[in-house]
Amino acid sequence: MGSLDDGVSASGSSLPSSKEQFLCDRLLDPNQPISERFRALFSLRNLKGPGPRNALIQATRDSSNLLAHEAAFALGQMQDSEAIPALEAVLTDLSLHPIVRHEAAEALGAIGLESNIPLLRNSLVLDPAPEVRETCELALQRIEELKSGSSDDKSSMTEKSPFLSVDPAAAAPSHSSVDKLREVLLDEARSMYERYSALFALRNQGGEEAVSAIIDSLGAKSALLKHEVAYVLGQLQNKAASAALSNVLRNAGEHPMVRHEAAEALGSIADDQSVALLEEFARDPEPIVSQSCEVALSMLEFERAGKSFEFLFMQTPAVH
């Protein structure tokens, strides 16, 4: 990583109030292009304190479902317990898009406190969207493992992955074979937590066979699992996934949360065909998809110019 602007450290120390206010205002300004608002969001996610937190909380109610869900994801990645009441309110507000409620549930699991269990159990039963219910199942399992595990287990679960993300499930043991992990990942009878664990273990192992197994799981029944698979393929940035991800993006019948992740993954892979497809689907009638393409293209433009997409040059955040 390069030097940090304005003396800000990756540990999250404070910015001068004027800079912090600029980022908060930029995030919440609906007249700004969606890519500029995402730049502000990524910068605020690296900071601590009530200013960034409150701006992100406010953004979870934005008219852009893409921005709102990313704000909820950011609050979970920050693991800020002060955000819990707002995330609980988002999860139980059925007027919000399922992609936003799902991300609030995942964030509550990422924060990992036992006090989140009753609400997650309630939404596991009552939420009408399967992707939200499945996320509650994952979050509950993560919290239960944190609660019952040894101190070593807890340490491994709360550590960020090699890809700088707080994952919704702990990766399966590193000694597991690719064949066994593939079998678990593709098994529709397995729990969502087991399949996620296999997915993250395959991601961490990497290699041609692991990537092939991950690509094959894009045929799963669960939109939630497929969206995480696309996210992981974006983390891996392996060009072998381009064709499969392109097919997902082109499929207007696919869940928007899956298509959105496919778009962002194609932006990470960034070959010529992927860029052309992003340009085409930046005009998609589904805003979650078109805005994802717009943000991905903007990130690519900054990267190719040798600049950081964020306003602040910090660790690259996970994008969901």
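**A walk through an all-helical predicted model**

Phe-22 is found in helix 1, which spans residues 17-28. In this predicted model, Phe-22 has a relative accessibility of 36% and therefore counts as partly exposed, since that class lies between the buried limit of 20% and the exposed limit of 50%. Along the chain, Phe-22 and Ala-40 are 18 residues apart, and their C-alpha atoms are separated by 8.6 Å.

Ala-40 leads to the next element, as it is one of the buried residues of helix 2. Helix 2 covers residues 34-44 and is mostly covered, with eleven of its eleven residues buried. Its buried residues include the charged Glu-36, Arg-37 and Arg-39, and also Phe-38, Leu-41 and Phe-42. What covers the buried residues of helix 2 includes helix 1, helix 3, helix 4 and helix 17, the last of these spanning residues 287-304.

Two of the covering helices also pack against each other. Helix 3 (residues 50-59) and helix 4 (residues 65-78) have axes 8 Å apart and meet at an angle of about 145°. The crossing of helix 3 past helix 4 is left-handed. On the side of helix 3, the contact is made by Arg-53, Leu-56, Ile-57 and Ala-59; helix 4 contributes Leu-67, Ala-68, Ala-71, Ala-74, Leu-75 and Met-78. By class, the residues of this contact comprise nine nonpolar, no polar and one charged. The charged residue is Arg-53 of helix 3. The spacing of the helix 4 residues can be read against a general property of helices. An α-helix has 3.6 residues a turn, so residues three or four places apart point the same way.

A second helix pair lies further along the chain. Helix 15 (residues 256-269) and helix 16 (residues 272-281) cross at roughly 140°, and their axes come within 9 Å. Because of that angle, helix 15 is oblique to helix 16. This crossing, too, is left-handed. Helix 15 makes the contact through Arg-259, Ala-263, Leu-266, Gly-267 and Ile-269, while helix 16 does so through Ser-274, Leu-277, Leu-278 and Phe-281. The residues of the contact divide into six nonpolar, two polar and one charged. The polar residues are Gly-267 and Ser-274, and the charged residue is Arg-259.

Helix 8 offers an example of an association between residues distant in sequence. Glu-137 lies in this helix, which spans residues 130-148. With a relative accessibility of 31%, Glu-137 counts as partly exposed. Beyond its neighbours within four places in sequence, Glu-137 is in contact with Leu-124, Ser-191, Met-192 and Tyr-193. Glu-137 and Ser-191 are 54 residues apart in sequence, yet their C-alpha atoms are 9.0 Å apart in space.

These details belong to a protein chain with 17 helices and zero strands. Of its 320 residues, 56% count as buried. Among the contacts in the chain with a separation of 6 or more, 69% come from residues 24 or more positions apart.

The predictor's confidence remains to be considered. The chain averages a pLDDT of 90, and 89% of the residues score at least 70. Two stretches have a pLDDT under 50. Over residues 1-13 pLDDT stays under 50, and the model has 27 contacts for this stretch beyond four places in sequence. Over residues 150-155 pLDDT also stays under 50, and here the model has three such contacts.

How values were computed: Residues are numbered from 1 along each chain as its sequence is written. This is a predicted model: local features need pLDDT of at least 70, side-chain atom pairs count only at pLDDT 80 or more; totals for chains, interfaces and linings use all residues. Side-chain values use heavy atoms; hydrogens and water are left out. Axes are lines fitted to C-alpha atoms, for helices over the stretch in contact, and angles run from 0 to 180 degrees between N-to-C directions. Helices (H or I, at least four residues) and strands (E, at least two) are DSSP runs, numbered from the N terminus. A crossing is left-handed if the near helix is turned anticlockwise from the far one by less than a right angle, and right-handed if clockwise. Contact means heavy atoms within 4.5 Å. Angles under 35 degrees count as roughly parallel, over 145 as roughly antiparallel, 65 to 115 as roughly perpendicular and the rest as oblique. Buried means under 20% relative accessible area, exposed over 50%, partly exposed in between (1.4 Å probe, protein chains only). pLDDT is the predictor's confidence in each residue, from 0 to 100.
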